[in-house]
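User: I'd like to go through this structure and learn where the labels come from. Can you explain the reasoning as we go?

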Amino acid sequence: MEFDDWEPVYEAIRRDFGYDRAGDERGRNRLASLLETSFDPAELPIGPETTVAVAGAGPSLETDRALERAREADVVVAASTAVDTLAAHGVEVDCMVTDLDKNPATVERLTERGVPVAVHGHGDNLDAIRTVVPNCDHDYVLPTTQAAPQGPVRNVGGFTDGDRAAFLADHVGAARLVFVGWDFDDPAVDPPKARKLEWAERLLFWLETRRDERFAVLDGRRDTIETTALPIP
């Protein structure tokens with residue numbers, strides 16, 4: 001994903017949620033300012049023969065089928081608390097993707113163990129960045145932004161932790177993406193989270209179109225996905 005391709009979608013998301021671009025840039029800049037070094041995504045164990053399980057934090061992640069599919073994948077890239085759920089079932093992840101809103105101790109522990117964590121900076125998590133990032137092993141922090149990339153901070157595409165995990169795997173050349181723990185219609189989420197899941201669904205549809213791949217997680221849903229904000233031919 002190049003920023004020129006991502007920027008129109010970012011602007012649509014920003015308008016929909018009322019986000020301030022300057023705030024996202026402040027998050028990006030704070031993240032960059034705290035890092036002495038950073039992780040290069042090219043070092044992820046993902047390549048043209050790799051099947052990547054993209055783990056969301058939905059309740060279905062604890063089903064036998066989801067756990068089996070995660071174990072069968074070559075690499076697991078997990079969003080936020082999905083890391084903890086998988087670990088509780090004996091499934092280790094190869095990369096975590098987070099904006100630091102839930103489990104900072106997991107972020108710190110993974111980097112200390114040499115597991116890369118894609119830490120996202122935006123306008124609403126400045127305090128979390130300042131609190132958590134200094135306690136991480138910076139060699140294993142992959143800094144990301146949804147604004148323009150700058151310095152060590154990358155923009156690989158994506159909005160929520162879950163769909164950003166998919167865009168990251170795509171960015172480094174994954175052969176196939178499988179999705180576990182994704183629950184677009186989870187009745188337990190609040191309205192703001194439900195809107196974010198709608199955008200995650202749209203972005204996965206855009207990603208599968210770009211990859212010329214069909215994601216099973218979207219089966220039965222494609223006809224109802226709003227795509228006017230997406231640059232789909």
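**Strands, cores and a buried arginine**

Analyst: Sure. Val54 stands opposite Val77 in β2. Keep in mind that this is a predicted model.

User: What makes β1 and β2 a pair, and in which sense do they run?

Analyst: Two strands pair if there are at least two bridges between them. β1 (residues 51-55) and β2 (residues 75-79) are joined by 4 bridges, so they pair, and the sense is parallel. On the way from β1 to β2 the chain passes through helix α3 (residues 64-72), and this β-α-β crossover is right-handed.

User: Which other strand does β1 pair with?

Analyst: That's β6 (residues 176-180): 5 bridges join it to β1, and the two run parallel. Within that pairing, Val52 has Leu177 in β6 as its bridge partner.

User: Why is β1 called mostly covered?

Analyst: Buried means under 20% relative accessible area, and 5 of the 5 residues in β1 are buried. Thr51, Ala53 and Ala55 point one way, Val52 and Val54 point the other way, and all are buried. In a regular strand the side chains alternate between the two faces of the sheet.

User: How do you know what β5 pairs with, and how covered is β5?

Analyst: Strand β4 (residues 117-121) and β5 share 5 bridges and run parallel; the pairing rule asks for at least two bridges, so they count as a pair. One of the matches is Val119 with Pro143 in β5. Together with helix α6 (residues 126-132), β4 and β5 make a right-handed β-α-β unit. As for cover, 5 of the 5 residues of β5 (residues 141-145) are buried. Val141, Pro143 and Thr145 point one way from β5, with Leu142 and Thr144 pointing the other way.

User: Which residues touch the most other members of the largest nonpolar core?

Analyst: That core has 45 residues, and the ones touching the most other members are Trp6, Ile46, Val52, Leu177, Phe179, Leu203 and Leu204. The elements giving two or more residues to this core are α1 (3-17), β1, β2, β3 (95-98), α7, β6 and α8 (191-211). A second, separate core of 30 residues includes Ala53, Met96, Leu100 and Val119.

User: What does Val52 touch?

Analyst: Leaving aside neighbours within four places in sequence, Val52 is in contact with residues including Ile46, Val77, Ala169 and Leu177.

User: Why does Arg164 count as buried?

Analyst: The relative accessibility of Arg164 is 3%, and the cut-off for buried is under 20%, so Arg164 counts as buried. Arg164 is in helix α7 (residues 161-171). Beyond residues up to four places away in sequence, Arg164 touches, among others, Asp99, His120, Thr144 and Phe159.

User: What makes the link between Arg164 and His120 a polar contact?

Analyst: The side chains of Arg164 and His120 are joined at 3.4 Å. A polar contact needs N or O atoms within 3.5 Å, with one able to donate a hydrogen and the other to accept it. The pair is listed as one.

User: How do you know the whole chain is as compact as a globular protein of that length?

Analyst: The radius of gyration is 16 Å, close to the 17 Å that the globule rule gives for 233 residues, so the chain is as compact as a globular protein of that length. The C-alpha trace spans about 45 × 40 × 35 Å along its principal axes, and 54% of the 233 residues count as buried.

User: How many helices and strands does the chain have?

Analyst: There are 8 helices and 6 strands.

Methods:
Residues numbered from 1 in each chain as written. Predicted model: local features only at pLDDT ≥ 70, side-chain atom pairs only at ≥ 80, totals over all residues. Heavy atoms only, no water. Buried < 20%, exposed > 50% of the residue type's maximum accessible area, 1.4 Å probe, protein only. Contact = heavy atoms within 4.5 Å. Right-handed = clockwise from strand over helix to strand, strands pointing away. Core = buried A, V, L, I, M, F, W, Y, C linked by side-chain atoms within 4.5 Å. Rg over C-alpha atoms; globule rule 2.2 N^0.38 Å.
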